There are 2 protein chains.
Amino acid sequence: MIAPALRDEIARRYGTPAIVIDLDRVARNIARLQAACDAAGVANRPHIKTHKSPVLARMQIEAGARGVTCQKLGEAEVMARAGIDDILVSYNLIGSHAVGRLGHLLRESPARITVAADNPVTVAGLAEAAAAGGRRLDVVVECDTGRKRAGVETPGEAVALARDIAARPGLAFAGLLLYPPAGGVAAAQAFLDAAQAGLAAHGLQARIVSTGGTPNLPEIGQVRGTTEHRAGTVIFNDRMMMAAGVAALEECALAVLTRVVSRAGEARGILDAGSKTLTSDTGGGLDGFGLLPDHPGARIAGFAEEHGFLDLAACADRPPVGTLVEVVPNHVCVVVNMVDAFVAVRDGAVVGTIPIEARGLIT
Amino acid sequence: MIAPALRDEIARRYGTPAIVIDLDRVARNIARLQAACDAAGVANRPHIKTHKSPVLARMQIEAGARGVTCQKLGEAEVMARAGIDDILVSYNLIGSHAVGRLGHLLRESPARITVAADNPVTVAGLAEAAAAGGRRLDVVVECDTGRKRAGVETPGEAVALARDIAARPGLAFAGLLLYPPAGGVAAAQAFLDAAQAGLAAHGLQARIVSTGGTPNLPEIGQVRGTTEHRAGTVIFNDRMMMAAGVAALEECALAVLTRVVSRAGEARGILDAGSKTLTSDTGGGLDGFGLLPDHPGARIAGFAEEHGFLDLAACADRPPVGTLVEVVPNHVCVVVNMVDAFVAVRDGAVVGTIPIEARGLIT
């Protein structure tokens, strides 16, 4: 992704390791997601957990996205402050701290805010937030159709929770939030159809039917009734998306530029990127902790916190100490979260840094 | 570690998840490390990669530490700015960015600075930094006695690199840096004895012989000739140190306070701490991604970025939605690096937050 001359310039200006994004590739990935949503006739609501940057969210909005998805309230606060005007928080917000902040956000921000819930405890808190915020809060019911994460597990529970929401002053039942595993269209459809029938029987309607995921890109809109899709990783892609068959290496728009800082063993190199940069995420069981496109025989076999252990046994061209090496991470979303800024390149030149404003906002 | 009433207060004031440290336990752990070093007659140079906080470094210095160890230049810059006056960087610093910053640090800070190297490329850059800094730079040779990370692999290479250092204007050969695996005293001793003989034959002497590691606490000073020890994790301890037999649960001074935000499945809970809080670090192959002292049957079976998957199948007392749960991380050093501040408690009360100033400083 990063030409050799550019590697030298990045290392000289910013040091290593550096989290580098190629804005040309980013723009193409944004356009690709938008085109996939347009073709399917569903709104695009990209998940900003991947980039955590209002600058990149703005690029997505300008390309046609209806709004953004956030996983944490802190991310939503950052996006609202940056003027993003349509925000979905796809997460159960619970506890007086979150409720108070959500109320404040509703009061102070003009943004349309929608929040997910999968249980009555969450719903009760959202009603408090709406009251404090002085305006109606749209709530979608999170439904689990096979992932076994959060989300009510039956259409009946979805209907019951929708009725609870609709009955609360200040809350509006807005729809259903799904996150089907790739290949899970049939199960999602069955759940959705049953839930919609149940809602109709109580005079309710799901205005929003939101699906999610980058691995599901080829399936956008295949669940009939889908109104919007939330995809995060596609803006950068990574080794996991390559393994899932939804991205080519040339569509990976983020690389970690790292340096070989030790070659004390004949078949061993040490990179200056360890688990505090690339993270220990295996990308769902991939072999090694990242892809080295320029050194196909090399493998990141393990980590210390600031050391990447490079196994060079099968590497014909073993990089000497000082070599700059590009790594495509296993899972890009967690790597972005490790640092405060991207180094951005465009058209083969460094354009500067882009702050990762919502980095580390775990609450 | 955190009493129930205190959990409520922390959640109310700071939200969840929160990285909580118990300053009473921290103080005891600091004292324990200092006592172990004192008993062995070696200087204490704690590794601040674990806490990344000048406030905690100052506590270590006040308890008797000679100085601190840093793994990255950015950490050293933070410590120097905070007035810590004796800093070892136990890492190969390479490239014009690092060399320029190191030169600047030498020029602007009154701190004693020592840097490690395991190869001539590093040494050449350190000489440039010393020239730019206008003062002598002490360099220790990093030696590998079995860990197979960075570090020259033979005493002969150590001597050759020491001579290279000694021959460079502006650099002083200061000694040897070891990081023996626990149980590796004999191998380290053999390496050290041979290296010291070789050094003597060339009129050189290792003024510093630095060992490292928390699992090695029981072995401090057992390598004859050791002058100082670098231990990081012991200030907080974690599940990995418990597994290594060097810490009891009552010596774990950091816990992640997290909340059950979903119980959509009968035997499944979802915590609001996922891989962006607790990290995917397995702690060297531990079962599950953290210890839940109050829910012995519960197991953190996996992560999404903001979801911890709690397997409650074997849990007699299944926590309902909203429950605050304390988690002792697998590996505390990487968890600290995820956020900007600790929530600190002392004597059963919240005392406020402590900034993690060197968080995310990967260069």
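**Chat about a two-chain model**

Modeller: Chain A has 10 helices and 16 strands, where helices (H or I, at least four residues) and strands (E, at least two) are DSSP runs numbered from the N terminus. This is a predicted model, so local features need pLDDT of at least 70 and side-chain atom pairs count only at pLDDT 80 or more, while totals for chains, interfaces and linings use all residues. Residues are numbered from 1 along each chain as its sequence is written, chains are lettered from A in the order written, and side-chain values use heavy atoms, without hydrogens or water.

Colleague: Thanks! How does the radius of gyration of chain A fit a compact globule?

Modeller: It agrees: chain A has 22 Å, and a compact globule with 363 residues would be near 21 Å. The radius is taken over C-alpha atoms, and the globule rule is 2.2 Å times the number of residues to the power 0.38.

Colleague: And what does the C-alpha trace span along its principal axes?

Modeller: For chain A, about 70 × 40 × 35 Å.

Colleague: Switching topic, what turn lays chain A on chain B?

Modeller: A turn of 180 degrees, with a shift of 0.0 Å along the axis and an RMSD of 0.0 Å. That is the relation of a two-fold axis. The superposition is by least squares on the C-alpha atoms of residues with pLDDT of at least 70 in both copies.

Colleague: Which residue of chain A comes closest to that axis?

Modeller: Ser280(A), whose C-alpha is at 2.6 Å.

Colleague: Nice. How many residues does the contact take from each chain?

Modeller: The contact takes 62 residues from chain A and 62 residues from chain B, with contact meaning heavy atoms within 4.5 Å. 100% of the interface residues of chain A are also interface residues in chain B, so the copies meet through the same surface.

Colleague: What area is buried there?

Modeller: About 4800 Å², with carbon and sulfur atoms giving 54%. That is the accessible area (1.4 Å probe) that the two parts lose on being put together, summed over both. In chain A, Arg149(A), Lys276(A) and Ile362(A) lose the most area to chain B, together 14% of what that side buries.

Colleague: How many salt bridges cross the interface?

Modeller: The rule finds 10, each a side-chain nitrogen of Lys or Arg within 4 Å of a carboxyl oxygen of Asp or Glu. One of them joins Asp144(A) and Arg268(B), at 3.7 Å from N to O.

Colleague: Which element gives the largest share of chain A's side?

Modeller: E10(A), with 6 residues.
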